[in-house]
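The following exercises concern the structure shown below. Please attempt each task before reading its solution.

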Amino acid sequence: MKVTGPAIKFGNNIDTDVILPGKYLVLLDPYELAEHALEGLDSNFPGKAKKGIIIVGGKNFGCGSSREQAPLALKYSGAKCIIAESFARIFFRNAINIGLPVIECKGISATVDNGDELTVDFEAGTVQNLSKGKSFQVAKLPPFILEILADGGLIENLRRRMKK
Amino acid sequence: MNITEKILANASGKKMVQPGEIVDANVDMIMVHDLTGPLAIEAFKKIGTEKVWNNQKVVMILDHQVPAESIKAAELHKTMRQFAKDQKLRIYDVGRGGICHQVMPEQGHVIPGTVIVGADSHTCTYGAFGAFATGIGSTEAAAVFATGKIWLKVPEAIKINVSGKFSKYITAKDLVLNIIGILGVDGAIYKSVEFTGPTIREMSTAGRMTVCNMAVEMGAKNGIVEPDGTTSKFLQGRVKTMPAFEALKSDKDATYERTVVFNVAELEPQVACPSSVDNVKPVSEVNNVPIEQAFIGSCTNGRIEDLRLAAQVIKDKKVKDGVRALVIPASQEIYMQALTEGLIEIFTAAGAVVCGSACGPCLGGHIGLLAAEEICVSTSNRNFIGRMGSKKASVYLASPATVAASAVAGKITDPRTLEAKQ
């Protein structure tokens, strides 16, 4: 699985309250959630993400609440993947479970500017900054997680496994 | 092995587990609430399994948007009630429970040594009773509904050893804010945090719950305290079965990534300033910040011990003009107890408003939201941008004593100085 797109960069400790404020948690439609993605930091984010982007975060991306609406909002706003120095664990699992690829890459923040073209190869465990000609080798996700992502999320994965 | 490793080994049918190992654990209990349950139900229906794996092990609690503040919330609640009825699940509806993390142990759903997952990040609260408890998302909750299992990476552990006696008006909340201030919001990311030492041993279950509750604020997978006599005293009459605690003690040679030592003897009241939970300062450095709202409640600090302390500070005084003070007992049981003890009267007479048991303003979804430029001092657990309403509002986190003193003074105040002035 490979993902390519321009980067939108954020800092450390981006919490789920800024990714999706609590007042929108009564919304169920992912496209409605997407209209408020990252509203706490940049109300223009959904417009910028629409064309398909890769989010680059710092340390502890997605910290705070367990709200799955946060990665859902990002996914449906146009984020194809999130690369961060580290993730908050619930966010990390939630993203995988809804089929939004996430990968840890130490040192990524310092070497990416907004708009840089990035490529992530999940099987190979590589992150490339095509605009800057830089490449990172990262820890690969375990095979069962890659399977969940390839299936499009945990529910699809479970359906497939339960049919066997 | 340490206690977390022992519980995970037992839950996955292994003699031994090591940090980094991925285990397939049997889940003993799962909880969802009204903001995570509906998505979980939707996901569960897509799996195509008709019934949940064990209807005795699924609990639903309405606590975030209750009583329903909008038609949308009312619809979500209706969905949950219907699912609970169809699946014959235990549901704690409006007026029958309160905040999920209080209701779970109160109603006997938390048993030491078990694996509990909840679709809420503060599920780690139950570690206070020696359970392995961690937060998950809605889709994962749906998968647990169907299978009763979850994959977990055995976490590395940090041991936090606490000694010293708390002085007057210094609480478990001040301790945990102090810990987070030093370790940082990612200081325990992916890890288990085991709280131990003489101060934890002497601490009430309420204090232990406050400490474990905020483990997630430093990124921890779980917070945990070895169960003891205090634990069994609280759980007696609430749980159906009480396991032997011998198997739930960390071995003398258990491994920890590191041990951090704290002493509370000289601890000042602590305040987490906007907008990160590790932006912690002693109250003397934040004194005089004017406030518009004071909130006493939440899964962190809405217990009877917290209300007693706040009432002790606020008794025979008035909430300062221009300040709204909100008090929310964490559960119906606590509300009743507060009524019996006359605490509700003390708060009401002081000009505070006491609301029905729910999450309240903590997550900015329901009541007590803040306007731009407003400041709230709160006993809750997060002070992120926009957490409690406007993204231009500010939230300071503190103990029930500090929040009560601040409500009276109209500005962030050391509860010890308020007393001295009277």
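**Exercise 1: Two residues with positive phi**

Task: Determine whether Asn60(A) is buried or exposed.

Solution. Asn60(A) is buried, because it has 25 C-beta neighbours inside 10 Å. The criterion is as follows: a residue is buried if 20 or more other C-beta atoms lie within 10 Å of its own, exposed if 12 or fewer, and partly exposed in between, with C-beta atoms placed from the backbone. This is a predicted model, in which local features need pLDDT of at least 70 and side-chain atom pairs count only at pLDDT 80 or more, while totals for chains, interfaces and linings use all residues. Residues are numbered from 1 along each chain as its sequence is written, and chains are lettered from A and ligands numbered from 1 in the order in which they are written.

The next step is the backbone. Asn60(A) is not a glycine, yet its phi is positive, at about 60°. Most residues other than glycine have a negative phi. Asn60(A) belongs to the loop between strand 2 (53–57) and helix 4 (69–77) of chain A. Here helices (H or I, at least four residues) and strands (E, at least two) are DSSP runs, numbered from the N terminus.

Asn288(B) also has a positive phi, near 80°. This residue lies in the loop between strand 13 and strand 14 (293–296) of chain B. Asn288(B) is exposed, with 9 other C-beta atoms within 10 Å.

**Exercise 2: Cis peptide bonds**

Task: Locate the cis peptide bond that ends at Pro67(B) and the one that ends at Ser275(B).

Solution. Most peptide bonds are trans. The bond from Val66(B) to Pro67(B) is cis, with omega near -20°. Pro67(B) sits in the loop between strand 3 (58–61) and helix 3 (71–87) of chain B. The bond joining Pro274(B) and Ser275(B) is likewise cis, and its omega is about -15°. Ser275(B) occurs in the loop between strand 12 (270–272) and strand 13 (280–282) of chain B.

**Exercise 3: Two sheets**

Task: State the strand order of the four-stranded sheet in chain B and of the seven-stranded sheet in chain A.

Solution. In chain B, the open sheet has the order 10-9-8-11, with parallel pairing. Its edge strands, each pairing on one side only, are strand 10 (222–224) and strand 11 (258–263). Two strands pair if DSSP finds at least two bridges between them. Strand 9 (residues 192–196) of chain B is joined to strand 10 of chain B by three bridges. Val193(B) has Gly223(B) in strand 10 of chain B as its bridge partner.

In chain A, the open sheet has the order 4-3-2-1-5-6-7, and the pairing is mixed. Strand 4 (102–104) and strand 7 (134–137) of chain A are the edge strands. Strand 1 (residues 2–9) and strand 2 of chain A pair in the parallel sense over three bridges. Ile8(A) has Ile55(A) in strand 2 of chain A as its bridge partner.

**Exercise 4: The surroundings of Tyr190(B)**

Task: Which residues, apart from its neighbours within four places in sequence, are in contact with Tyr190(B)?

Solution. Tyr190(B) is placed in the loop between helix 6 (172–183) and strand 9 of chain B. Tyr190(B) is partly exposed, with 17 other C-beta atoms within 10 Å. Two residues are in contact if their C-beta atoms, placed from the backbone, lie within 7 Å. By this rule, the residues sought are Arg89(A), Pro155(B), Gly219(B) and Lys221(B). Tyr190(B) and Lys221(B) are 31 residues apart in sequence, while their C-alpha atoms are 5.2 Å apart.

**Exercise 5: Contacts between chains and domains**

Task: How many residues does each chain give to the contact between chain A and chain B?

Solution. Chain A gives 32 residues and chain B gives 42 residues. On the side of chain A, helix 5 (89–97) is one of the elements that give two or more residues. Helix 5 of chain A supplies the largest share, five residues. The predictor gives the complex an ipTM of 0.95 and a pTM of 0.97.

Within chain B, there are domain 1 (3–263) and domain 2 (270–421), with bounds from an automatic or database domain assignment. Their C-alpha centres lie 25 Å apart. The contact takes 33 residues from domain 1 of chain B and 32 residues from domain 2 of chain B. Helix 6 of chain B provides six residues, the largest share of the side of domain 1 that touches domain 2.
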